[in-house]
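Hi everyone, thanks for coming. Please have a look at the sequence and the 3D view while I talk, and stop me whenever something is unclear.

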Amino acid sequence: MKEFDVIVLGAGPGGEGAAMQAVKRDQKVCVVERHRQVGGGCTHWGTIPSKALRHAVGRLMEVRTNPLLGALGERLDVSFPRLLKTAEGVISRQVSMRAGFYDRNHVEVIRGVARLVDAHTVEVTEPHGSIETLRARLGIIISTGSRPFRPPGVDFTHPRILDSDTVLGLKETPQSITIYGAGVVGCEYASIFRNLGIKVNLVNTRDKLLAFLDDEIIDALSYHLREQGVLLRHNEVMERIETQDDGVILHLQSGKRLKTEALLFANGRAGNTEGLGLEGLGIPPDVRGLIAVDDLYRTPVPTVYAVGDVIGAPSLASAAYDQGRRAAQHLVGGEQEPGLGRDIPTGIYTSPEISSVGRTERELTEAKVPYEVGHSLFRSLARAQITGHTTGMLKILFHRETLAILGIHCFGDQASEIIHIGQAIMNQPPPNNTLKYFVSTTFNYPTMAEAYRVAALNGLNRLF
């Protein structure tokens, strides 16, 4: 039996954050990873490959529409599999870098499938079949991530039925695709496929896209997806899927039938908790395999913590890393870094992309908070005019009386980068967290960051 202070299950962002935090506090740490390489789903099947693919598609679109290239750009045709290859180098570099983190910090990585025996003991079935027993003096942090939800009755062995993992293995470019599920993954892939000239049906089981976003951003996303040619179908529920040699037919409960060359099932995810032995410890996952935790990321068993996608929303790599850090802080020292994990920004890599932090207009109205809005339209910014990315806006929500920033919402090119300027100011202690910062600060010109000054002045003008 091997003895450690902390055992971490899973080498994705949450596991890495937990392991690095624990080892920096002079703890002996072990990470158990079922896959051959570290990095988790984020690196191998989720964030990194899909965003690298999106970037490649974006560059292809710029070339195709560049007037300087004329007919050459218009004739340029690149297949989906070839675009996917652009992600391979990024994945390789990410794996090498992250493996180096564990090596340099003397964190032992054990390959195999883990099962909890008790609140301090883990059994690992290694690839060659042998079983190794590990003992954690302080406790265990579960960061096993999630996988695409696969409901019964859907034949995912059929080559034309895909999920967000298997779509990365497409061998040819389909002429048409139906995406069932209009969450973040569904919307992102709708943008990717449509920008490749593929006909896209985006089937949404709800009445609007991404309801957690600000309503104005939702409307902008819906408009631009339709403008690009994506066919949106709201309030539709799958009845069954019929497979054929030349395509897939999605039968909807409304009576509609959608036939396309391929179908991407993107309706939710499930936690990777099967076989962990959690039920025997009194930690029963829910029907989607997710683990319930408290504000400190503790499960009902005090020495067992869980972080990342395996606990559900917000299901972001950035959040998982911070959750891992916080869990390790509490497990090792009994405290957590103040403010860590607060006001986590969303980053949605549609085309154009979306990012937001703080509260929405809907939430502020329901809470009866007296707020005002400041807008900056990208088409008015010199930098956007230079780059040609004039679609989008920055929106600042602030308190009418104190001018404190309450929420920031951005839609357009570089939104996920632009948001962090506002996030930094919003998280300052009063009175430094107000709109006045953007009015009294000189921004480089021309830049996209200038949108904050324009939006702040626009908002102040609404008060007088």
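**Aromatic pairs and what surrounds them**

A search of the whole structure turns up six aromatic pairs. Before we look at them, please keep in mind that this is a predicted model. A pair of aromatic rings is described by two things, the distance of the centres and the angle of the planes.

Let's take F80 and F193. Their rings are stacked, with 5.2 Å from centre to centre and 20° between the planes. Where do these two residues sit along the chain? F80 belongs to helix α5, residues 80-84, and F193 belongs to helix α7, residues 184-195, so the pair links parts of the chain that are 113 residues apart. Are they buried or exposed? F80 has 0% relative accessibility, so F80 counts as buried. F193 also comes out at 0%, and therefore counts as buried.

Now compare that with Y437 and F438. Their ring centres are 5.4 Å apart and their planes meet at 80°, so this pair is edge-to-face. Y437 counts as partly exposed because its relative accessibility is 34%, while F438, at 0%, counts as buried.

Back to the stacked pair for a moment. Ring pairs join F80, Y189 and F193 into a cluster. Rings can also have a charge sitting over them. The charged end of K28 is over the ring of F4, 5.2 Å from its centre. R288 lies over the face of F149, and there the distance to the ring centre is 3.7 Å.

**Two helices**

Since F193 took us to helix α7, let's stay there. This helix has twelve residues and reaches 17 Å from its first C-alpha to its last, close to the 16 Å expected at 1.5 Å a residue. How many of its residues are buried? Nine of the twelve are, so α7 is mostly covered. Among the buried ones are G186, Y189, I192 and F193. After the helix comes G197, with a positive phi near 85°.

Helix α8 covers residues 215-228, which makes 14 residues, and spans 20 Å, close to the 20 Å expected. Which residue caps its N-terminal end? That is D214: a side-chain oxygen of D214 lies 3.1 Å from the backbone nitrogen of E216. The buried residues of α8 include I217, L221, H224 and L225. Following α8 we find G229, again with a positive phi, near 110°.

**A serine in a loop**

S164 sits in the loop between β8 and β9. With 9% relative accessibility, S164 counts as buried. Its side chain makes a polar contact with the side chain of R269, at 3.4 Å. Leaving aside residues up to four places away in sequence, S164 touches several others, including W45, F265 and Y189. You may remember Y189 from the ring cluster with F80 and F193.

**The nonpolar cores**

The largest nonpolar core has 45 residues, and I7, L9, L116, I141 and I142 are the ones with the most contacts inside it. Several elements give two or more residues to this core, among them β1, α1, β4 and α9. Which element gives the most? It is β6, with six residues. For a feel of the surroundings, click on I142: among the residues it touches, not counting those up to four places away in sequence, are L9, L116, V304 and Y305. There is also a second, separate core of 41 residues, which includes L84, I192, L264 and I354.

**Some backbone details**

To finish, here are a few spots to find on your screen. A cis peptide bond joins S351 and P352, with omega about 0°, and P352 lies in the loop between β18 and β19. Another cis peptide bond joins Y445 and P446, and P446 is in the loop between α13 and α14.

Then look for positive phi values in residues other than glycine. D26 has a phi of about 65° and is located in the loop between α1 and β2. L210 has a phi near 40° and belongs to the loop between β10 and α8. Which of them is exposed, and which is buried? D26 is exposed, with a relative accessible area of 71%. L210 counts as buried because its relative accessibility is 5%.

That's my tour. Thanks for listening!

Notes:
Residues numbered from 1 in each chain as written. Predicted model: local features only at pLDDT ≥ 70, side-chain atom pairs only at ≥ 80, totals over all residues. Heavy atoms only, no water. Helix = DSSP H or I, 4+ residues; strand = E, 2+ residues; numbered from the N terminus. Expected span 1.5 Å × (residues − 1). Buried < 20%, exposed > 50% of the residue type's maximum accessible area, 1.4 Å probe, protein only. Polar contact = N/O pair within 3.5 Å; in protein donor to acceptor, adjacent residues only side chain to side chain. Phe/Tyr/Trp six-rings, centres within 6.5 Å; stacked < 30°, edge-to-face > 60°. Lys NZ or Arg CZ within 6 Å of the ring centre and 35° of its normal. Contact = heavy atoms within 4.5 Å. Core = buried A, V, L, I, M, F, W, Y, C linked by side-chain atoms within 4.5 Å.
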